[in-house]
Amino acid sequence: MKILAILSAALYASSAVAFSVILDTGHTEKHYGAVSPFNKTEFSYNQAMVTTLQRHILARKLDVELVPNTQPDLTLQQRMLYGNKTDLFVSIHHDSFPPELNAQRENLSGFSVFVSQKNPNYPQSLNCARAVATRLIQAGERRSRYHESDIEGERKTLLDERGVYRYDELAVLKNARSPAILIEIGVIANPSEAKRLERTAVKEQIAKAISLGIADCIKTH
Ligand SMILES: [Zn+2]
């Protein structure tokens, strides 16, 4: 009888598997991505946001794992393997802009959430992207306005006024087997935004909004 109770408890536990999220830091120490006007690397911004976000997601009782970010030469292929064994793959980045827009740099700011229509779970990816963007707007963040500009490297399709863009060829999004989104938290090539995004209170507020968005999109899975 006792064994039966233990067995059924174990069965119950295994059926109540928590929704799992994988967080990707996007870059490594060696391949650090964009650089702020104060010489801070995108990698350091991404790392700080991933750590903050991890804490907020855990507080919502979801499983969260990180793509290792201490490996200097993690290839895109290795990074993408993590997108195959989760309920949601979230890649965190911080943005820059093409040199043509440098004269306007003080006006280029805001977040963007990208999805790829080539991802096998595109509808779920889009749901999660919309949920995250909605929570970011509610938290007072603004969406970026230049990814739809008619310049080389941009021309992304705006799918949702709240800041969701389609970027079909983004490798981590199109090759992940799970639903996947990529969030550009803000534009660190803009000096005032680079400073703002270093503030702990701002990071906490953004991470909280993203975790709420993830929790919202789970309900639609
Ligand atoms: Zn990046």
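**A predicted chain, element by element**

From the N terminus on, the elements run α-β-α-β-α-β-β-α-β-β-α-β-α-α. The model is predicted.

Trainee: How many helices and strands does the chain have?
Mentor: Helices and strands follow one another from the N terminus, starting with α-β-α-β. The secondary structure comes to 7 helices and 7 strands.

Trainee: Why is the chain said to be as compact as a globular protein of that length?
Mentor: Take the globule rule for 221 residues: it gives 17 Å. The chain comes close to that, so it is as compact as a globular protein of that length. Its radius of gyration is 18 Å.

Trainee: What share of the residues counts as buried?
Mentor: A residue is buried if 20 or more other C-beta atoms lie within 10 Å of its own. Of the 221 residues, the share that passes is 43%.

Trainee: At what angle do the axes of α4 and α7 cross?
Mentor: Helix α4 covers residues 122–138, and helix α7 covers residues 200–218. Their axes come within 8 Å. The crossing is right-handed. The angle is roughly 140°.

Trainee: How many residues of the contact of α4 with α7 are nonpolar?
Mentor: Among the contact residues are Ala 131 and Val 132 of α4, and Ile 206 and Leu 212 of α7. The contact also has 4 polar and 2 charged residues. The nonpolar ones number 10.

Trainee: Which residue takes a positive phi in the hairpin of β5 and β6?
Mentor: Strands β5 and β6 pair in the antiparallel sense over 3 bridges. Thr 157 has Arg 166 as its bridge partner in β6. Between the strands lie 3 residues. The one with phi near 110° is Gly 163.

Methods:
Residues numbered from 1 in each chain as written. Predicted model: local features only at pLDDT ≥ 70, side-chain atom pairs only at ≥ 80, totals over all residues. Pairing = 2+ DSSP bridges. Helix = DSSP H or I, 4+ residues; strand = E, 2+ residues; numbered from the N terminus. Axes fitted to C-alpha atoms, helices over the stretch in contact; angles between N-to-C directions. Left-handed = near helix turned anticlockwise from the far one by under 90°. Contact = placed C-beta atoms within 7 Å. Nonpolar A, V, L, I, M, F, W, Y, C, P; charged D, E, K, R; others polar. Rg over C-alpha atoms; globule rule 2.2 N^0.38 Å. Buried ≥ 20, exposed ≤ 12 C-beta atoms within 10 Å, placed from the backbone.
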